Amino acid sequence: MPYTNVVMALQNALGSWDMYEIFKPYRKAHLSVEGIASYYTAAVNSSVSLRKQLFLQRKNTHRRRNLQGFAMPCGTATTSPEYFRGMEDRNDVHDLFTKANFPFIRELMYDLNFTLNMVQLDKVGYKQNGTFSGVMGKFQTRSIELGCLGTLMRTERLEVADFMIVTLIIKSSIIFRQPPLSIVANIFELPFSVGVWACCFGLMAIYWVSMIAIRYLANGERFTPIESLVYIIGTMCQRGSDFVPQFNGTRLLMFSLQLTSFFILTSYSASIVALLQSPSRAIETVGDLVRSPLKAGVMDTSYGRVYYQETLDPDVQDLYRKKIKPHGEKAFMEANEGIARVEHELFAYEAEVNAAYKVIKETFAPEEVCKLQELEAIKLPPFGIPIVKGSKYRELIRQRLMWQREVGIIKRFNLIWIHQKPQCENQNAGFSSVGLVEMRYLYLFLGVGFLIALAALLAERAWWAEVTQKLKSRTAIIRRKTKLKN
């Protein structure tokens, strides 16, 4: 077997020794014999020269790399057979851990001269009740020697398999658009700080007191305190008025109020326009996502269900319990559906970035890419090629995989198979239309104003009905008294 050393010494007719190294690349292979030393005699040749020859023989390990066409029992997993179109299909994002790692296995086949006796299963496998399923189950029963795929390097899998090197790192992220500022806040109060709002109401109070003072100091002005208050509120909202002052002091006061309200309203309107197009920064952590109005979904993968249930992060646990688990299987969806919902809804989608980036490049406009953000909820371990626990081929295959990394083969195939993040090309392009959601506070204010006006109208009618009744009663009393006198 590879990396086993059996040296046989045979004494020839001259009394000296011939030494040979014997090995087989696999159990049923032909026996390979290589000479180490000929006509060795202890009295003539020193032991130092013999040790040197043995060392050189062990160093020439490339002689052992020919596995003579050995049919290596190999296991692979295809979790989405309905999308599988072969190991070379880069248009499909499913089963990336299988297809992106198979080129390394193919290079090993050419390098070590072996073939594959492949067993295909529907999952990699996890441990349940002490037994592994899928490919890991085949390792547990020692039905296969090598994994023709990359698997997550989980601790419990080390019981039945060894991982040689890291071949692939896939990041899983929550992709979402920050909700508009108008969704998470009342944009109609954001243009001004609390101090500016206080100054505006204080200014209105000062003008109201001044107009009342002018009215009582100048007997010619006819407006009442209520009329002056309505005029001040209307002026601050740029509403016209048919109120005509009689004195120059009142005219100057009204002019200064109109000029001040003009600059205030100009600043307010400009800020509103900017705020309507501004995204919020409401979601910076997974906890913020849980408390946000966004819905959530997860890419339909086997490890997605496992890692959300195993996580110890309280925020991720809340995310799974509040936004994913209540929807059952509907929360797990394909990348096309999930990214489409991110584009058109307030939706957060957990997916392999490779699958998500591919769909984003195909469906999103350049300016829409700039609005996407990512959060990392679950951190996936790296992917490695497994081999059965205690395999005699482990060191041989590990060295050849290390060689693939050193010469750039692994990096090259990672660049081919892994989609890179789309770049934000024009962040300021495009605009957001104002919808009903952005105007909800105005509708609320309009409804409240309508109810208050209706209540005031009913109160006035009731008051006027009561006054009219009292006048009628007094008139009737006066008439009766007049009749009695007559």
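Which strand does Gln-373 lie in? Select Gln-373 and look: the answer is strand S15, residues 372-375. This is a predicted model, so read every stop below as a stop in a prediction.

**Stop 1: Gln-373**

Stay on Gln-373. It is partly exposed, at a relative accessible area of 24%, where buried would need under 20%. Now show what touches Gln-373, ignoring neighbours within four places in sequence. You should find Ile-174, Ile-175, Phe-176, Gln-178, Arg-281 and Ile-283. Add Glu-284 to the selection. Glu-284 and Gln-373 are 89 residues apart in sequence, yet their C-alpha atoms are 9.4 Å apart in space.

**Stop 2: the whole chain**

Zoom out and colour by secondary structure. The protein chain has 17 helices and 16 strands. Of its 486 residues, 41% count as buried. Take the contacts with a separation of 6 or more: 72% of them join residues 24 or more positions apart.

**Stop 3: the largest nonpolar core**

Select Ile-174 again, then add Tyr-308, Leu-319, Ile-324 and Ile-397. These residues have the most contacts inside the largest nonpolar core, which has 73 residues. Next, highlight helix H3, residues 102-112. H3 gives this core its largest share, six residues. Then colour by domain. The core draws at least three residues from each of domain 2 (69-167 + 384-417) and domain 3 (174-180 + 280-379).

Which residues does Tyr-308 touch, not counting those up to four places away in sequence? Centre on Tyr-308 and list them: Ile-174, Val-298, Val-316, Leu-319, Tyr-320, Ile-324, Glu-350, Ala-377 and Ile-378.

Another core lies apart from this one, with 19 residues. To find it, select Val-93, Met-299, Val-353 and Tyr-357, which are among its members.

**Stop 4: helix H15**

Select residues 394-407, which form helix H15. Put a distance label between the end C-alpha atoms. They are 20 Å apart, in agreement with the 20 Å expected for 14 residues at 1.5 Å a residue.

Show side chains. Leu-396, Ile-397, Arg-400, Leu-401 and Gln-404 are the buried residues to pick out in H15. They lie on the same side of H15, because they cover an arc of only 130° around the axis.

What do the buried residues of H15 pack against? Turn on these elements one by one:

- strand S4 (70-77) and helix H3
- strands S8 (146-147), S10 (161-168) and S16 (383-388)
- helix H16 (409-417)

Step just past the end of H15. Gly-408 takes a positive phi of about 95°.

**Stop 5: two positive phi values outside glycine**

Most residues other than glycine have a negative phi. Here are two that do not follow this.

Select Asn-113. Its phi is positive, about 60°, although it is not a glycine. Asn-113 sits in the loop between H3 and strand S5 (114-121). It is partly exposed, with a relative accessible area of 36%.

Now select Arg-142. Arg-142 is not a glycine either, and its phi is also positive, about 60°. Its loop runs between helix H4 (134-140) and S8. Is Arg-142 buried or exposed? Arg-142 is exposed, at a relative accessible area of 51%.

**Stop 6: helix H6 and its cover**

Select residues 194-217, helix H6. Its 24 residues should span 34 Å at 1.5 Å a residue, and the end C-alpha atoms are 34 Å apart, which agrees. Show Cys-200, Met-204, Tyr-207, Met-211 and Ile-212, the buried residues of H6. Their cover includes helix H7 (225-236) and helix H8 (248-276).

Move into H7 and select Tyr-231. Tyr-231 counts as buried, at 6% relative accessibility. Leaving out residues up to four places away in sequence, Tyr-231 touches Met-211, Ser-241, Phe-243, Met-254, Leu-257 and Gln-258. Tyr-231 and Met-254 are 23 residues apart along the chain, with 9.4 Å between their C-alpha atoms.

**Stop 7: the annotated segments**

Finish with the record. An unreviewed UniProt entry lists residues 194-218, 252-276 and 441-464 as "transmembrane region". Select 252-276: the chain there is 100% helix and 0% strand, with end C-alpha atoms 36 Å apart. Then select 441-464: the chain is 100% helix and 0% strand here too, and the end C-alpha atoms are 34 Å apart.

Conventions
Residues numbered from 1 in each chain as written. Predicted model: local features only at pLDDT ≥ 70, side-chain atom pairs only at ≥ 80, totals over all residues. Heavy atoms only, no water. Core = buried A, V, L, I, M, F, W, Y, C linked by side-chain atoms within 4.5 Å. Buried < 20%, exposed > 50% of the residue type's maximum accessible area, 1.4 Å probe, protein only. Helix = DSSP H or I, 4+ residues; strand = E, 2+ residues; numbered from the N terminus. Domains from an automatic or database assignment. Contact = heavy atoms within 4.5 Å. Expected span 1.5 Å × (residues − 1). Arc of directions from axis to C-beta. UniProt positions renumbered as here; feature names shortened; annotations may be inferred.
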